[in-house]
Structures are given as structure tokens and as C-alpha cells.
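Subject: Structure handover

Dear colleague,

Here is the structure I said I would pass on. My notes on it follow.

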Amino acid sequence: MIVKCECECNCIKDFSEHIQNTFRNFVAKYIIMKDGYRVLDVNCKDGTLLNMLAAKKNIKGYGVDMGAVNVLTAREQYKSLNFKLADPCELEYKDDFFDVV
């Protein structure tokens, strides 16, 4: 898909947002989840994808990101979900804690 740019400053940002939204919609449509699943979103950014999944099913959502601004934004926007500032390689969850990653 070709995205027409309006100006040089917004070209990358607009295209990036388009790609992110396309990916989020794809994942939300095709991921297999059941009510009550524990879902981990690694590198969750502002929590938008996790929120889309939570809107689809009654899940327990967990988001992890290494960016403090991302985690603070996600916590402010989506209070019913859990967001943590952490290195995803050093999470302290038991094996098989999450149903979907």
C-alpha cells in the first residue's frame, strides 16, 4: 500500500503509524484467546494493542516496556490493564504464567 505524504516532516511518522495500526488490527483479528487468558505484550509502547485485545475478550493484560514514558502513558490511558517498566528478558513470572505472549 502506498501512503501519500503531505510534507517531508510527517512522512516517516505517518507511515510508521499506518504500519503499527495495520499490525495491531491483524493481531487483534487473528490471535486466538479465551476469556480469562493472561496476555503479555512485550514492548507494549502506549498499550494500544493490549487494549484492543482486552476489548475483544475478557483477558488479564500485562504490558512490559523499557521506556518510562511509554509505561506512564499506558497506565494513564488503560487503568484496567497492568503495565510494568522492565527489561522483558528479566521478568519475574513463573514459566507458563502467560497464555499468550
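**Threonine 48 and helix H2**

Threonine 48 has a relative accessibility of 18% and so counts as buried, the cut-off being under 20%. Please keep in mind throughout that this is a predicted model. Threonine 48 sits in helix H2, which covers residues 48–56. Leaving out residues up to four places away in sequence, threonine 48 touches Arg24 and Tyr78. Both threonine 48 and Arg24 are also among the residues that line the largest pocket.

Further along in helix H2 is leucine 53. Its relative accessible area is 4%, so leucine 53 is buried. With neighbours within four places in sequence set aside, the contacts of leucine 53 are Val27, Ala28, Ile31, Met33, Val39 and Ile59. For one of these, isoleucine 31, the C-alpha atom lies 8.7 Å from that of leucine 53, and the two residues are 22 apart in sequence.

**The chain as a whole**

The protein chain has 101 residues, of which 28% are buried. Three helices and three strands make up its list of elements, and from the N terminus they follow the order α-β-α-β-α-β. The chain exposes about 7,300 Å², with 53% of that area coming from carbon and sulfur atoms. If one takes the contacts between residues at least 6 apart in sequence, 47% of them join residues at least 24 apart.

**The largest pocket**

The largest pocket holds about 160 Å³ of space. Its lining consists of Gln20, Phe23, Arg24, Asp41, Val42, Asn43, Cys44, Lys45, Thr48 and Leu49. By type, the lining residues are four nonpolar, three polar and three charged.

Which elements supply at least two residues each to this lining? They are helix H1 (11–30), strand E1 (38–42) and helix H2 (48–56). H1 gives the most, with three residues.

**Strand E1 and the loop after it**

Aspartate 41, one of the lining residues, belongs to strand E1. With a relative accessible area of 11%, aspartate 41 is buried. Residues up to four places away in sequence aside, aspartate 41 touches Leu49, Leu50, Tyr62, Gly63 and Val64. Leu49 is itself in the pocket lining.

Two residues of the loop between E1 and H2 have backbone angles to look at. Asparagine 43 is placed in that loop, and its phi is near 60 degrees, a positive value in a residue other than glycine. Lysine 45 is in the loop between E1 and H2 as well; although not a glycine, lysine 45 has a positive phi of about 55 degrees.

Are these two residues buried or exposed? Asparagine 43 is partly exposed, because its relative accessibility is 46% and that class runs between 20% and 50%. Lysine 45, with a relative accessible area of 39%, is also partly exposed. Asparagine 43 and lysine 45 both appear in the lining of the largest pocket.

**Tyrosine 62**

Tyrosine 62 is in strand E2, which spans residues 60–65. Its relative accessibility is 15%, so tyrosine 62 counts as buried. Apart from neighbours within four places in sequence, tyrosine 62 is in contact with Arg38, Val39, Leu40, Asp41, Leu50, Asn82, Tyr93, Phe97 and Phe98. Val39 is a contact of leucine 53 too, and Leu50 is touched by aspartate 41.

Phenylalanine 98 stands 36 residues from tyrosine 62 along the chain, and 9.1 Å separates their C-alpha atoms.

**Cysteines**

How many disulfides does a search of the whole structure find? The count is zero. Cysteine 44, at 4% relative accessibility, counts as buried and is one of the residues lining the largest pocket. Cysteine 89 has a relative accessible area of 74% and is therefore exposed, the limit for that class being over 50%.

Regards

How values were computed: Residues numbered from 1 in each chain as written. Predicted model: local features only at pLDDT ≥ 70, side-chain atom pairs only at ≥ 80, totals over all residues. Heavy atoms only, no water. Disulfide = S-S within 2.5 Å. Buried < 20%, exposed > 50% of the residue type's maximum accessible area, 1.4 Å probe, protein only. 1 Å grid on protein atoms, 1.4 Å probe; cavity = no way out; pocket = protein on both sides within 12 Å on 5 of 7 lines; lining within 4 Å. Points joined across faces, edges and corners; volume = space filled by probe spheres on them. Helix = DSSP H or I, 4+ residues; strand = E, 2+ residues; numbered from the N terminus. Nonpolar A, V, L, I, M, F, W, Y, C, P; charged D, E, K, R; others polar. Contact = heavy atoms within 4.5 Å. Areas by Shrake-Rupley, 256 points an atom, 1.4 Å probe, with all protein chains shown as cover.
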